[in-house]
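Subject: Structure for your review

Dear colleague,

Please find below the structure that I am handing over to you. I would be grateful if you would keep it open while reading the notes that come after it.

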Amino acid sequence: MQYPNSPKSDVTDTYFGVAIPDPYRWLEDLDSPETTAWVTEQNKVTFGYLGQIPFRDNIRERLTAMWNYERYGVPEQVGDELVYSKNDGLQNQAVLYRQRGDDAPQVLLDPNQFSAEGTTALAGIEFSHDHRYLAYATSSGGSDWNQVRIMDLATQQLLPEELTWVKVSGTSWVRDGFYYSRYDAPKAGENDLSGKNEFHKVYFHRLNTPQSEDQLVYENPEMALGFRIAGATEDERFLVLYLTDGLSDGNRLQVRDLTDPAQADSWATLMASYEFNNTVIGNVGGEVLVYTNYQAPRYRVVRIDPRHPEEAHWHDVLPETEHKLESVSHVGGRLIAGYLHDASSQVRVYSEQGEFQHEVQLPAIGTASGFGGRRDATVVYYAFTSFTYPTTIYQYDLASNTSTVFRAPSVDVNPQDYVTEQVFYPSKDGTPIPMFIVHHKDVQRNGQTPTYLYAYGGFNVSLTPSFSVARMLWLENGGILAVANLRGGGEYGEAWHQAGMTPHKQNVFDDFIAAAEYLKTTGYTDTKHLAIAGGSNGGLLVGAVVNQRPNLCQVALPAVGVMDMLRYQKFTIGWNWAPEYGTSDDPAQFENLRQFSPLHNLTPGTAYPATLITTADHDDRVVPAHSFKYAAALQAANAGPNPTLIRVDVNAGHGAGKSTKLLIEEWADVWSFCYVNMGVTPAVKL
């Protein structure tokens, strides 16, 4: 492979007396002519390589056919209408519909009309409690920056104002406006896709007024980092303030009674510490229901009176159990609790006082989500999915405890042809780690089956079973899908999460390496036919594991990864990951980070696996400079015959809202890269 020239500079940083070269620092300047030219040349090499794969077009054609099926989102009851999203199949973005009874559905919002390329996505919606207005956020080119517009639902006309520089925010209605969070506009000359975001603020926007007149509700000029987010309870009585500090892993929780004039400028603190995760899920009269992991690593729900917020006055509503409480909805005068049992959903219904009423019967082992609605609801909707169970929307009757299918997709695959098993394998320290293994029922353990091993292992994220039409192509062609639930995730509660946080991040890499070894020693696959993959924090995972075990696999697929662990906190909202990773600003954490930072642990002269790095030019969460610098360093270090390529999407971001067209193209390239480097020619069904 002839790679583009990646000049090395003499930039060096010194951390606590240790000199760390950073020769590709110039690639952090995303707008420079040098970086732009480098990306163009890298893409030429990558797409030139991919374009020579003889079955790439067949894979893309088959993916297009498989993707072409109707997909629905979970409906929301808005007055006497149902509002839901639907993608006809190959639309770049799902369309938002409104439907009254048995009438024909009407288009409410079509994001495909937002931009010519279909790369502007709907990022969030919130209806006013009187059902008169809709506030919706859009994201352009995959950026985390949102723009908020307001629609009059009676006329479907937009109000004149547009809110900008909105990030990490909801829109929470109270009477004639809503609360939201934003940053100040970037300073002149500052790159809005890579500059560090500081001083998050909460505002109240009143309808039909310009953003410049919005009321500042909360700021902390003494604390540059951290998020400030406000939301009101359904009855608009309590305003809840969520505060993070960028240092700890939880949030402070404060409330204000909007019906009490004496509290117009004051807050009652329910949780002063930043160490625990706390969310108000509703209120019963003058008391709020709080979902928390305070003194409950697997979470619980407590009832707190803001007039007497001391812990001695708290009441357990849903106590902690042996299974993680993953989610709770306060709806229809009940609490619908979603638990995780070995990374699969169990859903139970309780009274507002915590009395058990029902268990929701789910169709299979998998993932259930949704169950939202108002306190007077009689039915709710949820989505159910599993690895070979296409996402199906159900209506659930709260009184009769019965589920009926609302919308079921028709997919060009037969899920009955596939099997899913869950195994538990020992990690390096003996900890049992769960892993799902999915394959066609006719696949034999011959030790040479192409296998795609995926994991994440961080930020309390639970990897539960879900349907992916892209992965179905891999399974359809006789491949094995393996999804490992590593420490650092949220599958078993906060203790499981903390076992993969700083300073224990090596546990996550050990868990992933052990998963790969298990698949090989038990006869599923071998090194030649193994691909390892992960995105974002999972991209870090793949990069670190490849450095520690370059002979572990044949193919490595780090997507939008955090690759420079010494500088990640200097870009956009990277500082928010400090509780998970630690930062190079602390001497002990610096020593820990430099041991596994993918960029800093490449060894020149090493034969690395075939690597396809994927990123996007509008990724302002994990800025593409991470992947740019890692690609340049990997290409310089690799002494083996395998290709080490970077694929940079244009007008795309970290992943959310990516258009159908871009998704199909990316997956066609990923699978083609895997097959050709495993020496396998897939018999693609056309």
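The notes below go through the sheets, the nonpolar cores, one helix, the cysteines and one further residue.

Please bear in mind throughout that this is a predicted model.

Two open sheets

One open sheet has four strands in the order 21-22-23-24, and their pairing is antiparallel. Strand 21 (278–284) and strand 24 (315–318) form its edges, each pairing on one side only. On average, neighbouring strands of this sheet are turned by 30° against each other, direction ignored. Within the sheet, five bridges link strand 22 (residues 287–292) to strand 23 (residues 300–304) in the antiparallel sense. You may locate this pairing through V288, which stands opposite I304 in strand 23.

Another open sheet of four strands follows the order 25-26-27-28, again with antiparallel pairing. Its edges are strand 25 (324–331) and strand 28 (356–360); each has a single partner strand, so one side of each is left without a neighbour in the sheet. From one strand to the next, the twist averages 25°. Strand 26 (residues 334–341) and strand 27 (residues 344–351) run antiparallel and are joined by eight bridges. One residue to look for here is R334, whose bridge partner in strand 27 is S351.

Nonpolar cores

In soluble globular proteins, nonpolar side chains tend to be buried together. The largest nonpolar core of this model contains 69 residues, and Y425, M435, L453, L486, F512 and I532 are those with the most contacts inside it. Helix 5 (residues 506–521) supplies the largest share of this core, nine residues. Setting aside residues up to four places away in sequence, L453 touches a number of others, among them M435, A482, F512, L519 and I532. A second, separate core has 48 residues, including F55, I59, L473 and A533.

Helix 3

Is helix 3 (residues 469–476) mostly covered or mostly open? It is mostly covered, with seven of its eight residues buried. These buried residues are V469, A470, R471, M472, L473, W474 and L475. They pack against helix 2 (56–67), strand 33 (418–426), strand 34 (432–440), strand 35 (451–454), strand 36 (480–484) and helix 10 (660–678). Just after helix 3, G478 has a positive phi of about 85°.

Cysteines

A disulfide is a covalent bond between the sulfur atoms of two cysteines. How many disulfides does a search of the whole structure find? The search finds zero. C553 is in no disulfide, and the nearest cysteine sulfur, that of C674, lies 9.9 Å away. For C674, the closest cysteine sulfur is the one in C553, and the 9.9 Å between them is too far for a bond, because a disulfide requires sulfur atoms within 2.5 Å. C553 is buried, with a relative accessible area of 5%, and C674 is also buried, at 0%.

Residue Q589

Q589 lies in helix 8 (residues 587–596). Why does Q589 count as partly exposed? Its relative accessibility is 27%, and the partly exposed class lies between under 20%, which is buried, and over 50%, which is exposed. Leaving aside neighbours within four places in sequence, Q589 is in contact with G582 and T583. Q589 and A578 are eleven residues apart in sequence, and their C-alpha atoms are 9.9 Å apart in space.

Yours sincerely,
A colleague

Note on methods
Residues are numbered from 1 along each chain as its sequence is written. This is a predicted model: local features need pLDDT of at least 70, side-chain atom pairs count only at pLDDT 80 or more; totals for chains, interfaces and linings use all residues. Side-chain values use heavy atoms; hydrogens and water are left out. Buried means under 20% relative accessible area, exposed over 50%, partly exposed in between (1.4 Å probe, protein chains only). Contact means heavy atoms within 4.5 Å. Two strands pair if DSSP finds at least two bridges between them. Axes are lines fitted to C-alpha atoms, for helices over the stretch in contact, and angles run from 0 to 180 degrees between N-to-C directions. A nonpolar core is a set of buried Ala, Val, Leu, Ile, Met, Phe, Trp, Tyr and Cys residues joined through side-chain atoms within 4.5 Å.
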